[in-house]
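User: I am new to this structure and would like to learn how to read the places where protein and DNA meet. Could we take it one feature at a time?

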There are 2 protein chains.
Amino acid sequence: MTRGRSPTIKDVAKVAGVSSATVSYVLNDLNKVTPEVDALVRRVAKELGYSRNNAARALKTGRNNIIGCILPTLTSPVFPEIAQAVQLRAEAHGYATLVIDSGNAPMREEKVVRTLAKHGVDGAVALLHPKFKLADPPIFPIVSLDAKFPGLDSVHADHYAGGRLMAEHAMALGHRRIGMLSGFQDLTSSYERRQGFVDAAAGRVELVWEVNVHLVPQLPPAAVEAIRRREVTMIACVNDLVAIAALSVLKDSGMSAPGDVSVFGFDDMQWASWPLIDLTTIRQPLAELGSRAADLLISRLDDRQRPVEDLVLPVTLVERGSTARVG
Amino acid sequence: MTRGRSPTIKDVAKVAGVSSATVSYVLNDLNKVTPEVDALVRRVAKELGYSRNNAARALKTGRNNIIGCILPTLTSPVFPEIAQAVQLRAEAHGYATLVIDSGNAPMREEKVVRTLAKHGVDGAVALLHPKFKLADPPIFPIVSLDAKFPGLDSVHADHYAGGRLMAEHAMALGHRRIGMLSGFQDLTSSYERRQGFVDAAAGRVELVWEVNVHLVPQLPPAAVEAIRRREVTMIACVNDLVAIAALSVLKDSGMSAPGDVSVFGFDDMQWASWPLIDLTTIRQPLAELGSRAADLLISRLDDRQRPVEDLVLPVTLVERGSTARVG
DNA sequence: TCAGGTCGTTTAATCGTGTAAATAGATAAG
DNA sequence: CTTATCTATTTACACGATTAAACGACCTGA
């Protein structure tokens with residue numbers, strides 16, 4: 001057992017009786033060496049338990065084989081699902097993933113990017129606020145999650161189509177009077193979801209009330225009051241978290257879904273399927289979102305000149321117990 | 001604007017008219033230089049937008065300023081809360097955090113450790129299965145989360161006391177016939193929770209039935225049947241996720257909590273407080289768990305000889321709507 | 001005045017890889 | 001047999017930082 005530090009490329013070279021360059025060539029799969037030498041070097045490397053020093057490699061090549069994954073928060077059910085997928089795919093490509101939350105603040109996003117840069121990530125997958133100003137020149141390539149972003153590769157669900165799906169399903173169930181808990185419209189995905197809904201519903205359903213809410217499971221007083229007025233047969237929510245908040249308010253007010261009012265979510269996060277919640281929703285393929293973003297980022301790292309790509313993934317309706325045919 | 005690569009320590013040195021060593025001394029806060037030179041160097045560094053190349057530093061010093069955070073999964077409400085705290089604290093110490101999930105399998109845990117080693121983490125915070133075999137000699141320092149682990153620093157809640165609290169509260173509410181959804185006993189925390197409960201309840205409540213379950217929100221048939229037999233006034237669960245599964249079964253079976261039976265969780269994960277769930281539970285300080293673990297790890301990185309430390313954090317009872325005085 | 005001590009700064013070696021360029025050895029061509 | 005052409009391998013330097021050791025300037029006390 002080699003006491004002290006772990007073996008270096010030179011140790012391997014010495015034991016194998018070749019030069020360190022040869023070892024490097026072998027271990028990087030540039031096939032520049034005889035099969036015998038190749039086999040020998042690999043055997044010795046394995047025997048010594050050699051493992052490449054990433055810092056040295058990074059120093060020499062300028063690539064760290066680490067990517068970042070910037071999300072607004074981890075304490076929400078949707079984002080970890082994405083993070084997990086990013087990580088898994090990155091690992092398959094030999095990259096580690098630095099998951100980091102931006103705390104939802106656009107100012108912090110810029111700080112987070114700098115932090116990641118300091119730690120030498122090669123690029124990042126990020127869910128960015130549209131107001132985010134990307135540095136010029138960009139510090140590292142970024143793939144935008146959840147929304148298009150000018151100048152960046154992006155991967156996102158078809159929010160607009162999702163909004164339409166919602167409206168169509170609502171109408172199919174006979175709902176004509178609908179209340180809406182929409183997200184603040186500066187967030188692209190919130191905007192598109194609403195727009196899809198409104199376009200599809202135009203002239204055929206009445207939007208009785210609408211309240212903009214933050215994407216957290218607590219509702220502002222205005223929303224609570226609106227729900228309690230009992231003027232609508234369905235509440236369409238910008239996402240599942242908000243839908244759950246709506247369900248909570250219903251329960252507190254002695255009402256229930258879908259008996260008194262139907263509730264419609266968006267995302268299909270894991271918990272939406274729990275019997276206690278049992279939420280009808282629009283499913284976006286969270287895991288695929290993450291893995292495709294990772295793919296896109298890595299392909300970008302390999303070719304900086306490739307034209308910007310925008311990947312739109314389809315959404316589907318998931319019908320559960322929180323919605324019902326009207327009256 | 002310096003076209004091309006980003007400025008190095010030498011660029012700063014040249015512009016400031018000093019040697020690169022001086023710049024290094026300044027930027028590392030070893031106070032070896034005159035105040036004037038110090039100020040000058042800092043100014044120049046800022047002007048050039050200099051940022052230290054972490055790879056080079058890591059190569060020279062053998063420290064990467066990255067720690068790992070190994071958790072069974074991110075798609076569970078408890079773990080991201082811990083991860084977030086670890087990350088925050090690590091960042092305060094100048095470390096980045098590589099969050100990585102081990103997928104709950106002890107075999108994968110060892111692979112994950114190797115992966116982290118490859119990416120050069122200096123140490124890790126990890127929630128390990130007791131069967132995990134740590135390499136000898138250890139590749140890097142690890143702080144064990146959630147349970148003591150022989151030879152490692154550890155931080156965990158006082159599961160045993162939590163179990164006792166549960167039992168005492170149950171008895172205070174008059175419950176005498178209790179069913180238990182306990183975790184598999186090879187997991188230390190599951191074992192201790194159960195043991196605390198059993199010890200405190202000994203002779204005073206009847207454990208009518210008990211089923212070992214995995215820590216996920218789906219129950220095995222045996223558990224479902226047990227619940228449906230309606231033989232108990234309270235179901236004590238190994239954690240909140242399982243408690244929610246129990247609530248689901250109740251709902252599916254036309255029963256409800258606390259009307260037909262009280263349900264008791266453990267963890268106080270974020271969602272336990274949602275009105276829809278409203279779970280009485282034992283709270284473990286998740287965020288503190290994470291930040292203390294990060295502290296412990298970093299102190300270990302600074303002093304490898306320090307004796308192993310075992311930090312036990314107190315738990316508290318959180319009474320909500322899923323439990324009631326027995327009819 | 002000079003030996004010795006302090007202090008601030010520089011010189012130079014080093015960390016472990018990657019890789020362009022040099023080299024040696026073998027083969028082929030003329 | 002000489003020369004050119006490959007090919008497998010090695011030599012040697014660079015990447016950007018840290019840091020021990022060398023250095024020079026200044027001060028101090030005898």
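Analyst: We can begin with residue classes: Ala, Val, Leu, Ile, Met, Phe, Trp, Tyr, Cys and Pro count as nonpolar, Asp, Glu, Lys and Arg as charged, and the others, Gly among them, as polar. A residue is near a strand if one of its heavy atoms lies within 4 Å of it. By these classes, the surface near DNA strand D has 12 nonpolar, 8 polar and 5 charged residues. This is a predicted model, in which local features need pLDDT of at least 70, side-chain atom pairs count only at pLDDT 80 or more, and totals for chains, interfaces and linings use all residues. Residues are numbered from 1 along each chain as its sequence is written, chains are lettered from A and ligands numbered from 1 in the order in which they are written, and side-chain values use heavy atoms, with hydrogens and water left out.

User: Which residues are the closest to DNA strand D?

Analyst: DNA strand D is surrounded by 25 residues, and the closest are A:Thr22, B:Ile9, B:Ser24, B:Tyr50 and B:Lys60. Of the atoms of this strand within 4 Å of the protein, 62% belong to sugar or phosphate, and the rest belong to bases.

User: How should I read a polar contact, and which atoms of DNA strand D lie 3.0 Å from B:Asn53 or 3.4 Å from B:Ala56?

Analyst: A polar contact is a pair of N or O atoms within 3.5 Å; within protein, one must be able to donate a hydrogen and the other to accept it, and residues adjacent in sequence count only if both atoms are side-chain atoms. Here, a backbone N or O atom of B:Asn53 lies 3.0 Å from a phosphate oxygen of DNA strand D, while for B:Ala56 the partner of a backbone N or O atom, at 3.4 Å, is a base nitrogen.

User: What do we find around DNA strand C?

Analyst: This strand is surrounded by 27 residues, the closest being A:Ile9, A:Tyr50, B:Thr22, B:Thr34 and B:Val37. By class, 11 of the residues near DNA strand C are nonpolar, 9 polar and 7 charged. A phosphate oxygen of the strand lies 2.5 Å from a polar side-chain atom of A:Tyr50, and a phosphate oxygen is also 3.0 Å from a side-chain N or O atom of A:Arg57. In chain B, a polar backbone atom of B:Ser19 is 2.9 Å from a phosphate oxygen of DNA strand C.
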